[in-house]
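Reader: Hello! Please give me a close look at a single part, the metal site, and then set it in the frame of the chain. I build models myself, so kindly spell out the cut-offs as you go.

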Amino acid sequence: MVFRFCPECGEALIMRRIGDEGLVPFCEGCDMPYFPISYPCVICLVVRNGKVALIKEKKAEGLTLVAGYVRAGERAEEAARREVGEELGIEAEKPRFIKSYYYQEGDNLMLGFVCAAYRGEFALSEEVEEAGWFSFEEAKRLLEGTKVARFLLEDYLKGENY
Ligand SMILES: [Zn+2]
């Protein structure tokens with residue numbers, strides 16, 4: 001996202017040269033630069049006994065992984081645990097960063113995590129229509145139409161994170 005107006009005071013931003021960053025949108029009133037950003041999200045491979053949790057959201061077609069926005073002031077690991085808790089109703093243990101992805105459609109920086117689930121029964125959020133545990137092979141097939149979810153699963157299985 002490229003800011004054109006100041007999110008604090010609403011003034012139109014000008015372009016100002018800031019060191020190595022080059023020209024950056026800048027509010028003269030607040031004396032603040034507003035660097036273009038891609039909103040950070042987490043996407044989580046929740047794993048239990050060699051299976052992975054896939055969900056079907058009410059607003060979406062097909063199955064995918066738990067994902068959601070990182071809140072202001074929140075660490076990505078906390079966001080991963082919170083999102084898994086909200087969507088699946090289970091504790092996500094030991095969230096571990098795998099890799100990041102840029103998701104162009106949403107202009108998101110997607111931070112891919114794997115976490116362990118010690119309890120398998122879901123208590124789904126209202127946004128989630130259904131969820132289940134799938135073998136990695138099944139999951140690969142079911143995530144074929146997705147981008148980041150499939151890449152994260154593949155990168156996890158490749159062990160490219162080490
Ligand atoms: Zn301003």
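Author: Happy to! Donors are the N, O and S atoms within 2.8 Å of the metal, or 3.2 Å for Na, K and Ca; water is not among the atoms, so sites may look incomplete. This is a predicted model, in which local features need pLDDT of at least 70 and side-chain atom pairs count only at pLDDT 80 or more, while totals for chains, interfaces and linings use all residues. Residues are numbered from 1 along each chain as its sequence is written, and side-chain values use heavy atoms, with hydrogens and water left out.

Now to the site itself. Along the sequence, the residues that supply the donors of the zinc ion follow the spacing C-x2-C-x17-C-x2-C. They are Cys6, Cys9, Cys27 and Cys30, and each coordinates the zinc ion through its SG atom, at 2.3 Å. Seen from the zinc ion, the four donor atoms subtend angles of 103 to 114°, and therefore the arrangement is tetrahedral (four donors earn that label if all angles lie between 85 and 135 degrees).

How buried or exposed are two of these cysteines? Cysteine 27 has a relative accessible area of 0%, so it counts as buried. Cysteine 30 has 32% and is therefore partly exposed. For these words, buried means under 20% relative accessible area, exposed over 50%, and partly exposed in between, with a 1.4 Å probe and protein chains only.

Next, the frame around the site. The domain assignment, whose bounds come from an automatic or database source, splits the chain into domain 1 (1-36) and domain 2 (39-158). Their C-alpha centres are 34 Å apart. The C-alpha trace of the chain spans about 55 × 35 × 30 Å along its principal axes, and of the 162 residues in the chain, 40% are buried.

As for secondary structure, the chain holds three helices and nine strands (DSSP runs numbered from the N terminus: H or I of at least four residues for helices, E of at least two for strands). Their order along the sequence is β-β-β-β-β-β-α-β-β-β-α-α.

One residue gives a handy ruler. Glycine 85 belongs to helix α1, and at 31% relative accessibility it counts as partly exposed. Between glycine 85 and leucine 23 there are 41 Å in space, C-alpha to C-alpha, for a separation of 62 residues in sequence.

Definitions and conventions
Four donors count as tetrahedral if all angles lie between 85 and 135 degrees; four count as square planar and six as octahedral if opposite donors are over 155 degrees apart and all others between 65 and 115; anything else is irregular.
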